[in-house]
Every structure is written in structure tokens, then in C-alpha cells.
Amino acid sequence: MIPLCIPEMGGNEWKYVKECIDTNWVSSVGSYVNLFEDRFSEYLKCEKAVVTMNGTAAIQLALVTLGIGNGDEVIVPSMTFISPVNAIKYVGAVPVFCDIRKDTFVMDENKIEELITEKTKAIMPVHIYGHPVYMDKVMELAKKYNLYVIEDATEALGSEYKGQMLGTIGHIGCFSFNGNKLITTGAGGMLVTNNNEYGERAKYLSTQTKTILENKAFYHEEVGYNFRMPNLLAAFGVAQLEQVEKYLKIKRENAEYYNEILKDVKGITLPVEMPWAKNCFWLYSILVEEDYPISRDELIKKLIDNKIEARPFFYPVHDMPPYKECRKGNMDITNEVASKGINLPSSVSLTKEQIEEVCKVIKGE
Ligand SMILES: Cc1ncc(COP(=O)(O)O)c(C=O)c1O
């Protein structure tokens, strides 16, 4: 089977993890925790990074840090993995679904304003599959209506918007190091910000708001969370981050090779990269249009029959039982793209021959 997206481990992972085991620093305090946060903020050129146990926790932490809670509305796309929507729910806030653009698959910046009400507290752009949302418009609306912007950049590590790393444009950005992400720690996440106050507060909240008194007793001023990542995983993360540029280069080359072979296939829409964007091409994704000889689901079946793992786009969250009653805009593009999209194999270890094999099936050769 050619897998959809598996981790790549060719660097110092074992060396750093072994060092944690050898020195007994395996738990939530240790030099790799600090090092991972420092290296990550350096890489993104932002002020502060706070490591978490997964990307969902990072998003929840972002919401809590900004004081978003009961009854507050957060505008979010429906074409996303469910995680950011669930995180909104965890804090008692209410998701409001915004439609997406057909070209980039991400939140349509021109359909946000009509959803803003008195209750709106934040906009949560999700840079799905690696392409950025048009952030100028998002930030302009945030300023106009006094809203927070939390970027879900979990799928977009290394992507850029007008030369700035995604995740660092809004008030807070969130990343995931789940096994299928560009870099992995097995499970993990990171909250980033250019506002030191938010960064400090996020760290405090994520570590059970623990304050150590003079007599060494633990004292907690408010309700906190145990969202910490153990040193063992942070060590793994440091080793992965050392290879991020190499991974990004390979992902881009692979996307360009897919584009070259598939460019003239009738009925297949290829992914775009807007002139103001740098797409990390986390998952290379196509749309199967009506004039393609078979349906999207038939093509996925054909790929799987040929031992190629392919996946349909995310099912729209607004159409799932927990969120059916939520307020939303017109969801026509979301529904269309969700019914036409396929993620193709995108691992860093994917070979040119494997890309050719995938394309052969799509071209019906
Ligand atoms: C768009 C999106 N948001 C959030 C997450 C949550 O990350 P995690 O699985 O690390 O909790 C993921 C991925 O898993 C995701 O794809």
C-alpha cells in the first residue's frame, strides 16, 4: 500500500530520546521542553511558543487564554477536521460556520463579515491542507469589530502568508504534531503568539496554574489544565524540527511533480498556490469534477484497489449531529468541495515512481 501520509524519522530522534531515558528526564519538566519551545518560536520568528499534549489542547488553551467562553461566538469553517470546532464547544463557546473558497479550500474571507454579531468574540481561520486563508481581510475585520484571531495552523507548518509564517499573524496560532503532520512527536501540539502576556498566561494555564510557595507547597490561584508535553516527546520534536526545511522541500517537489503529470487531466482540479501564499502542501489534494469519467468515491475505490491510500475531504462539520443546529452562512461551496475532494499520498518518503503510479490510476492508463 502507498500510504497517505506517514512520519519520517531520519535524524536525531533516537539519540535525543535515549538521552532523556539515560538521564531519567522523561516527564513534563526537562531541558528538551524548553528547547523545543525556543527552537519552534525561533523557526516561526515569533515571541513565544508553549508546547501542549496535542493540537486540540493548544486550540482549547488559546481560547481559554483569550478569555473566550460561555455563549461567545467563534466563526470557523465547516470544512475542517472537527477538532477546532470541538475545542470551541469545550470552553462553552458557540461555533458559527463560514463557507470556504473553491480554489484554496479554506475559509472565504469575503463571507465572514455577514456572520458577525454582538456575541462574536473570535475568528478561527483553519489553513486546511496547507494553504493560507487570506489573512489581511481577517485581521481587518478583527480590528473593525474588536475580535480575536486564533489561527488553526495545525496542517500548515512552514506555510507562509505574504512572507510571514502561518500561525504568527493572528493573536494566537496553534500547531499539531500528530503522526500524520509535517513533523511529529507521536502526539503533541504548540501554541504560538507574538504577545508575551498571552504566552505567559498560556504556559501558566497549561501547567495547572501551579505556583510554588516559599515553603514549597503548591498553590493554585485559578482553575488550570494539565496540557503539558513530556520531555521525552519534546526531545523527539527537537529532532523532527531540525529536519523541517528538508521535509518542506520534498513536499513542494512532490506537489510540483503531481501537478506536472495531472495538469491536463479532464475533470481534475489541481491545488493552487495564490501569489501571496506559500503552501506547505501538507496533503496534496485534488477535486474530481462532474466531467471526470467516474465519481469521486469510485476513484477512491479504484486507488485503494490499486493499493494506494486516498482519502475523501473532511465531511462538513455543520452537517454532523453535535453541530447541526449551529448558525451558519450559505454552505454551497463547502458542500461541493467536500463531495469532490481527495487527498492523495503525500508522505515525505513518497518516491517519484509512486507518484507516477498514483497518477496512472487517475489518468486511467
Ligand atoms: C485542522 C486540524 N485542527 C486541529 C487538529 C488537532 O490536532 P491533534 O490531533 O494534535 O489534536 C488537527 C489534526 O489532527 C487538524 O487537522
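Me: Helices here are DSSP runs of H or I, at least four residues long, numbered from the N terminus. In this predicted model, which helix holds both D22 and K18?

Reply: The two residues are 4 apart, about one turn of the helix. Their side chains meet in a salt bridge, with 2.8 Å from N to O. The helix covers residues 13-23 and is α1.

Me: How many salt bridges does a search of the whole structure find?

Reply: Side chains of opposite charge can pair when their charged atoms come close. The cut-off is 4 Å, from a side-chain nitrogen of Lys or Arg to a carboxyl oxygen of Asp or Glu. D22 and K18 meet in one such bridge. The search of the whole structure gives a count of 26.

Me: Which domains does the domain assignment give, and how far apart are their centres?

Reply: The assignment splits the protein chain into domain 1, residues 13-241, and domain 2, residues 244-363. Their centres are taken over C-alpha atoms. The separation is 25 Å.

Me: How much area is buried between domain 1 and domain 2?

Reply: The size of an interface is often given as the accessible area lost when the parts come together. Here 46 residues of domain 1 are in contact with 43 residues of domain 2. Carbon and sulfur atoms give 64% of the area buried between the domains. That buried area is about 3,900 Å².

Me: Which three residues supply more than any other three of the area that domain 1 buries against domain 2?

Reply: The total buried between the domains is about 3,900 Å². On the domain 1 side, three residues supply 21% of what that domain buries. They are K102, Y129 and L182.

Me: Which residue meets the side chain of K102 in a salt bridge?

Reply: Domain 1 and domain 2 have 4 salt bridges between them. The side chain of K102 takes part in a salt bridge with 3.0 Å from N to O. The partner is E336.

Me: Which element gives the largest share of the side of domain 1 that touches domain 2?

Reply: Between the domains, 19 residue pairs are in polar contact. On the domain 1 side, α4 (83-90), β3 (94-98), β6 (160-161) and α7 (231-241) each supply at least two residues. The largest share is 4 residues, and it comes from β3.

Me: How do the residues on that side of domain 1 divide into nonpolar, polar and charged?

Reply: The 19 polar pairs are a count between both domains. The residues of the domain 1 side divide into 23 nonpolar, 11 polar and 12 charged.

Me: Which residue of β13 is the bridge partner of E160?

Reply: An open sheet of 3 strands runs in the order β7-β6-β13, with antiparallel pairing. Its edge strands, β7 (164-165) and β13 (277-278), each pair on one side only. β6 and β13 pair over 2 bridges. In β13, the partner of E160 is K278.

Me: Which residue of β5 is the bridge partner of I123?

Reply: Strands β2 (73-77) and β4 (120-123) pair in parallel over 3 bridges. There, I75 has I123 of β4 as its bridge partner. β4 is also joined by 2 bridges to β5 (148-152), again in parallel. On β5, the partner of I123 is V149.

Conventions
Residues are numbered from 1 along each chain as its sequence is written. This is a predicted model: local features need pLDDT of at least 70, side-chain atom pairs count only at pLDDT 80 or more; totals for chains, interfaces and linings use all residues. Side-chain values use heavy atoms; hydrogens and water are left out. Domain bounds come from an automatic or database domain assignment. Contact means heavy atoms within 4.5 Å. Buried area is the accessible area (1.4 Å probe) that two parts lose on being put together, summed over both. A polar contact is a pair of N or O atoms within 3.5 Å; within protein, one must be able to donate a hydrogen and the other to accept it, and residues adjacent in sequence count only if both atoms are side-chain atoms. Ala, Val, Leu, Ile, Met, Phe, Trp, Tyr, Cys and Pro count as nonpolar, Asp, Glu, Lys and Arg as charged, and the others, Gly among them, as polar. Two strands pair if DSSP finds at least two bridges between them.
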